[in-house]
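Q: I'd like to learn how to read packing features from a set of coordinates. Could you walk me through a few, one at a time?

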Amino acid sequence: MQDPRAVGSSVAGRRRPLLAILAIVFVDLMGFGIVIPILPFYVRDLGGTDVVYGLLAASYSLMQFVFAPLLGQLSDVRGRRPVLMLSLAANTVAWTVFGLGGEVLAVAGTTAALATLFLARMLAGAMGGNIATAQAYIADVTPADRRAGALGLVGAAFGLGFVFGPALGSVLASDGVVAAGSAVFPDFVPATRFSLPSFGAAVLSFVAFLGTWAGLPEPQRHATAGGRPRIVGQFVDAVRDATLGPLVGAFLVASVAFSGIQVAFIPFVADVYGYDASQAGLLLTYVGALAVVNQGVVVGRLSRIVPARRLAVAGAALLVVALAAFPFSPEIGRALLGERAIFGFGPRVLALLAALTLLSLGNSLLNVSLTTLVSLATSADRQGGAFGVTQGAGSLGRTVGPPVMTALYAVVVYWSPFVLGAVLTLGIVAVLTTVRVADGPTETPLERTD
């Protein structure tokens with residue numbers, strides 16, 4: 001019989017790097033989230049239009065699409081820790097340069113200033129592909145039977161970063177903080193409502209770099225043989241794979257489908273509900289908090305008793321219902337509740353909150369379970385490359401989807417991007433029913449004796 005103390009030591013040994021990688025993902029994503037509130041205003045301040053802002057936002061996802069597979073494959077060959085350190089160091093540089101747009105404007109004009117933003121944003125996007133390396137690290141240090149729960153925790157850390165990042169960015173852009181920064185910083189360091197959030201993101205990336213250097217060991221695994229990174233080749237190989245191909249396609253379609261909510265949510269609640277930015281922000285906080293609970297707790301517990309493929313199908317089905325119901329939530333609320341209010345919320349608002357709750361749960365189940373299926377369908381020495389391809393597919397969807405969904409909302413009819421998203425997600429349900437992966441729950445780590 002195995003010594004229980006050895007088992008406990010083994011579990012504790014797995015938890016330490018897991019907690020370290022979760023902290024790194026949280027800090028890194030919080031740094032990314034800091035700049036979200038300032039982006040459109042920053043572009044306008046430098047003389048750009050909303051079209052330029054849209055292109056700037058898309059440039060990040062486009063670079064993720066290109067570089068996530070490369071970083072993932074590089075981590076398979078050179079190691080997870082070096083790739084994470086490289087990406088975080090480059091992010092520190094990218095966000096620092098991003099905060100200097102105003103200085104470039106004063107010296108070289110609007111074109112050079114906007115070019116500086118694009119270059120910095122593209123570098124940050126390229127290094128943002130490190131989420132694939134973080135996922136591969138989790139797969140390295142987590143037994144297969146607990147992998148869905150661990151990957152769900154990564155999603156929770158991701159969500160927490162997006163909840164706290166924009167809030168911190170708003171604080172750093174406030175008049176009081178800008179005034180304090182102007183009084184403290186030397187003259188050569190700009191202290192504006194745009195530079196301080198950017199520098200804050202750089203500081204957080206540097207903190208994550210230090211945490212990786214000091215507290216993250218390289219996981220024990222079998223490295224792949226070195227080879228020349230292939231962007232197109234990796235995607236072609238993945239798509240041709242009978243098991244991995246449908247999962248890559250599901251990631252791509254899910255990202256396009258969900259982009260309708262991402263780009264049309266605020267216009268919808270403003271146009272239909274009359275909400276302002278602060279009220280819309282409260283709804284986004286609600287969704288972010290739900291995502292943390294769903295991915296950090298619910299998915300992990302369900303994954304112990306339900307196979308990942310079934311969870312993915314259930315998540316996609318919930319998304320179909322939520323996306324289809326979301327634009328008609330006022331009518332659904334009145335049809336079900338009349339004019340009754342519950343806990344001070346009217347029927348229109350209750351229906352909206354219900355749709356958002358289903359949306360968050362479905363998205364959490366689908367994303368985490370798809371990631372788990374990719375891990376289970378890939379050999380141990382190819383995890384980074386596989387995660388890189390799927391993350392790249394998601395980034396491509398986030399590049400293509402927003403302009404299409406925005407055009408549908410503005411030109412066709414307000415409910416069209418959401419209904420199209422539901423139709424696309426219905427296709428994911430059909431695809432997932434054909435995928436065959438050995439994904440059933442097995443023994444827990446404490447029951448393992450090998």
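A: Gladly! Keep in mind that this is a predicted model. Let's start at the surface: Phe-158 has a relative accessibility of 30%, so Phe-158 counts as partly exposed. Its place is in helix H8, which covers residues 147–172.

Q: What kind of surface patch do Ile-36, Phe-158 and Phe-162 make?

A: The three make a nonpolar patch, with an area of about 220 Å².

Q: Now the aromatic rings. How many aromatic pairs does the structure hold?

A: There are 13 aromatic pairs in the structure. One of them joins Tyr-42 and Phe-194, with ring centres 4.8 Å apart and 10 degrees between the planes. Planes under 30 degrees apart count as stacked, so this pair is stacked.

Q: Where in the chain do Tyr-42 and Phe-194 lie?

A: Tyr-42 belongs to helix H2 (residues 39–45), while Phe-194 is in the loop between helix H9 (175–184) and helix H10 (195–215). The two are 152 residues apart, and their pair links distant parts of the chain.

Q: Is Tyr-42 buried or exposed, and is Phe-194 buried or exposed?

A: The cut-off to remember is that buried means under 20% relative accessible area. Tyr-42 has 1% relative accessibility, so Tyr-42 is buried. Phe-194 has 6%, so Phe-194 is buried too.

A second stacked pair is formed by Phe-268 and Tyr-414, with 6.2 Å between the centres and 20 degrees between the planes.

Q: Which parts of the chain does the pair of Phe-268 and Tyr-414 tie together?

A: Phe-268 is in helix H12 (residues 244–273) and Tyr-414 is in the loop between H17 and helix H18 (416–432), so the pair ties together parts 146 residues apart in sequence. As for exposure, Phe-268 is buried at 0% relative accessible area, whereas Tyr-414 is partly exposed at 29%.

Q: Which residues form one aromatic cluster?

A: Phe-268 and Tyr-414 are both in it, together with Phe-265, Tyr-273, Tyr-275, Phe-326 and Phe-418. Tyr-273 also has a charged neighbour: the charged end of Arg-348 sits over the Tyr-273 ring, 4.6 Å from the ring centre.

Q: Let's finish with a residue that isn't aromatic. What does Thr-399 touch, leaving aside residues up to four places away in sequence?

A: Thr-399 touches Ala-58, Ser-61 and Leu-62. Thr-399 itself lies in helix H17, residues 383–412, and is buried with a relative accessible area of 16%. Its C-alpha atom is 9.3 Å from that of Leu-55, though the two residues are 344 apart along the chain.

Conventions:
Residues are numbered from 1 along each chain as its sequence is written. This is a predicted model: local features need pLDDT of at least 70, side-chain atom pairs count only at pLDDT 80 or more; totals for chains, interfaces and linings use all residues. Side-chain values use heavy atoms; hydrogens and water are left out. Helices (H or I, at least four residues) and strands (E, at least two) are DSSP runs, numbered from the N terminus. Buried means under 20% relative accessible area, exposed over 50%, partly exposed in between (1.4 Å probe, protein chains only). Contact means heavy atoms within 4.5 Å. Rings of Phe, Tyr and Trp (its six-membered ring) pair if their centres lie within 6.5 Å; planes under 30 degrees apart count as stacked, over 60 as edge-to-face and the rest as tilted. A charge sits over a ring if NZ of Lys or CZ of Arg is within 6 Å of the ring centre and within 35 degrees of the ring normal. Patches are made of residues with over 30% relative accessible area and no salt bridge: like charges are joined within 9 Å, nonpolar side chains (Val, Leu, Ile, Met, Phe, Trp, Tyr) within 5 Å. Accessible areas come from the Shrake-Rupley method with a 1.4 Å probe; for residues, only the protein chains shown count as cover. A salt bridge is a side-chain nitrogen of Lys or Arg within 4 Å of a carboxyl oxygen of Asp or Glu.
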